[in-house]
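Subject: Structure handover

Hello,

Please find the structure below, followed by notes on what was found in it.

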Amino acid sequence: MKIVKIHAESPEKEKIEIVLEILRQGGTVVYPTDTVYGLGANIFKEKAVLNVYLMKERILDKPVSVCLSQIGDIEKIAHMDPSVEDIVSKILPGPYTLILERKKTVPSQITAGTDKIGVRIPDNTICRELSREFPITTTSANISGRPSPKTAKEAHKELDDYPDIIIDSGPCKGGISSTVVDFTFTPPRILREGAGMGRLLRFVE
């Protein structure tokens, strides 16, 4: 396991490429988001995703959300009707996890066999760069049930040396977990109140 410092606002391309290659090869990475530090793996690498579950001591029948680079990527993995697209365009990038109907291109391992998928597009340049080629898992870099890490040091303490690489870009600016909203219902249902809750209510109520 290695730790690499990457500038939060203007990430160094050569360092991002190093981390991307680890993800391409089925490795795992701890990375910053706009809320807390996350644990990432290429969602199309079955063993890598399993390692995420093992590191977190997470039960396999509990889904893991995915991180995407941009709104246009959502259509590759999930279904959205026009009314949802309108809301999404107003809140993303941002501290939200959107629950959508998954497409069959998504491995069922990620969704725990359900027809839904959690999608994040954080307001953070680093994680959006890491997911530009393929979706990566986005789940807090901690043991399940424990506080979510706000710094790389906290994530390292939680997961020890099991991740292949840890990105340190300083404390996450949010520090509060994302708001989770299920858009498969009409009207949408808020499943977890978190960061950005006030802004979201302007568009879903």
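Strands here (E, at least two residues) and helices (H or I, at least four) are DSSP runs, numbered from the N terminus, and two strands pair if DSSP finds at least two bridges between them. The model is predicted, with local features needing pLDDT of at least 70 and side-chain atom pairs counting only at pLDDT 80 or more, while totals for chains, interfaces and linings use all residues. Residues are numbered from 1 along each chain as its sequence is written, and side-chain values use heavy atoms, with hydrogens and water left out.

The sheet

β2 and β3 make a hairpin, with 4 residues between them. These two strands run antiparallel and are joined by 4 bridges; tyrosine 31 has glycine 38 in β3 as its bridge partner. β3 (residues 37–40) is also antiparallel to β9, through 2 bridges, and leucine 39 is partnered there by threonine 139.

The hairpin belongs to an open sheet of 5 strands with mixed pairing, in the order β1-β10-β2-β3-β9. At its edges are β1 (2–5) and β9 (139–140), each pairing on one side only.

Both faces of β3 are covered: Tyr37 and Leu39 on one side, and Gly38 and Gly40 on the other, are all buried (under 20% relative accessible area, 1.4 Å probe, protein chains only). Helix α7 (residues 152–159) lies across β1, β2 (29–32), β3 and β10 (165–168), and runs at about 155 degrees to β10. That angle is taken between N-to-C directions on a scale from 0 to 180 degrees, with axes fitted to C-alpha atoms, for helices over the stretch in contact (heavy atoms within 4.5 Å).

The cores

A nonpolar core is a set of buried Ala, Val, Leu, Ile, Met, Phe, Trp, Tyr and Cys residues joined through side-chain atoms within 4.5 Å. The largest has 26 residues, and those with the most contacts inside it include Ile74, Ile77, Leu92 and Phe183. Among the elements that each supply at least two of its residues are α2 (46–56), β6 (96–102) and α8 (197–204); α4 gives the most, with 4 residues. Apart from this core lies another, of 17 residues, including Leu23, Cys127, Ile165 and Ile167.

Regards

Definitions and conventions
Buried means under 20% relative accessible area, exposed over 50%, partly exposed in between (1.4 Å probe, protein chains only).
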